[in-house]
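Biologist: Please take one part of this model and go through it closely for me, with the cut-offs spelled out. I'd like the packing part, contact by contact.

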Amino acid sequence: MLKNKSMKGFKNMTTSISMPRNSSYTKVLSGNKPLEGFLLKAVDFYGKELMTTRMFNTLKIKVHVRKTVLKRGVSGAVINNCKGSIKQNEYLITLDYNESCNDILKTLAHEMVHVMQIATKKLQYRYWKSDKKLHFRWNGEEMGELSKFPYRNQPHEIEAKERQDKLFMKFYYYFIMNKKSEQYKLRNKYR
Ligand SMILES: [Zn+2]
């Protein structure tokens, strides 16, 4: 397990990464560096691209990379407390170890968009007392029962899909390819 909470000026930020136990080998990226370290950097990078540093620093994010926990066809998940407008500060993101390093980092970008949506309350889930069903709100608007909303039409999924590739590409150039000139190009392009 890797922790990142002692960086100067980031006292409140706690991110931890946990990889599967009994892995026969370690997943590595460019320069033989373990995926674990890149995941830690990616949480920080995505978080600060998506939210203010101030907000990001109030969050505790745990990332579990696992071989078998997720359902078939699901590459990532983030736990939501489903308590409506009550602020959620702790998040558990689960990622699929069987995917390639790049896909794991891209799925992490997707899940971090959901973390931002929940932390900023753009997305709120709530179990209604009247029908005991899970309802959701998007941008303050009541959207109804989540299960009645086709997955591909869910606004939070549309946003996460729209933003995941750009976030991942930026991370890729900054931290994996280490291309300084590309950093500037990308920065100008997306700001
Ligand atoms: Zn999603």
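Modeller: Angles under 35 degrees count as roughly parallel, over 145 as roughly antiparallel, 65 to 115 as roughly perpendicular, and whatever is left as oblique. Keep in mind that this is a predicted model, where local features need pLDDT of at least 70, side-chain atom pairs count only at pLDDT 80 or more, and totals for chains, interfaces and linings use all residues. Residue numbers start from 1 along each chain as its sequence is written.

Let's zoom in on helix α4, residues 155–176 (helices are DSSP runs of H or I, at least four residues, numbered from the N terminus). Take α3 as its partner to begin with, residues 101–119. The axes of α3 and α4 come within 8 Å and cross at roughly 130° (lines fitted to C-alpha atoms over the stretch in contact, angles from 0 to 180 degrees between N-to-C directions). The pair is therefore oblique. As for hand, the crossing of α3 and α4 is right-handed (near helix turned clockwise from the far one by less than a right angle).

Who touches whom? On the α3 side you have Leu105, Lys106, Ala109, His110, Val113, His114 and Gln117. Facing them from α4 are His156, Glu159, Ala160, Arg163, Gln164, Asp165, Leu167, Phe168 and Phe171 (contact means C-beta atoms, placed from the backbone, within 7 Å). Sorted by type, that contact comes out as 7 nonpolar, 5 polar and 4 charged residues (Ala, Val, Leu, Ile, Met, Phe, Trp, Tyr, Cys and Pro are nonpolar, Asp, Glu, Lys and Arg charged, the others, Gly among them, polar). The charged members are Lys106 of α3 plus Glu159, Arg163 and Asp165 of α4.

Now swing over to α1, residues 35–50. Its axis and that of α4 come within 10 Å, and they cross at roughly 125°. That makes α1 oblique to α4. The crossing of α1 and α4 is right-handed.

From α1, the residues in this contact are Phe38, Lys41, Ala42, Phe45, Tyr46 and Glu49. They meet Leu167, Phe171 and Phe175 of α4. This contact splits into 7 nonpolar, no polar and 2 charged residues. The charged ones are Lys41 and Glu49, both in α1, while Leu167, Phe171 and Phe175 of α4 count as nonpolar.

One last thing to look at in the viewer: Leu167 and Phe171 of α4 touch α1, and Leu167 and Phe171 also turn up in the contact with α3.

Note on methods: Helices (H or I, at least four residues) and strands (E, at least two) are DSSP runs, numbered from the N terminus. Two residues are in contact if their C-beta atoms, placed from the backbone, lie within 7 Å.
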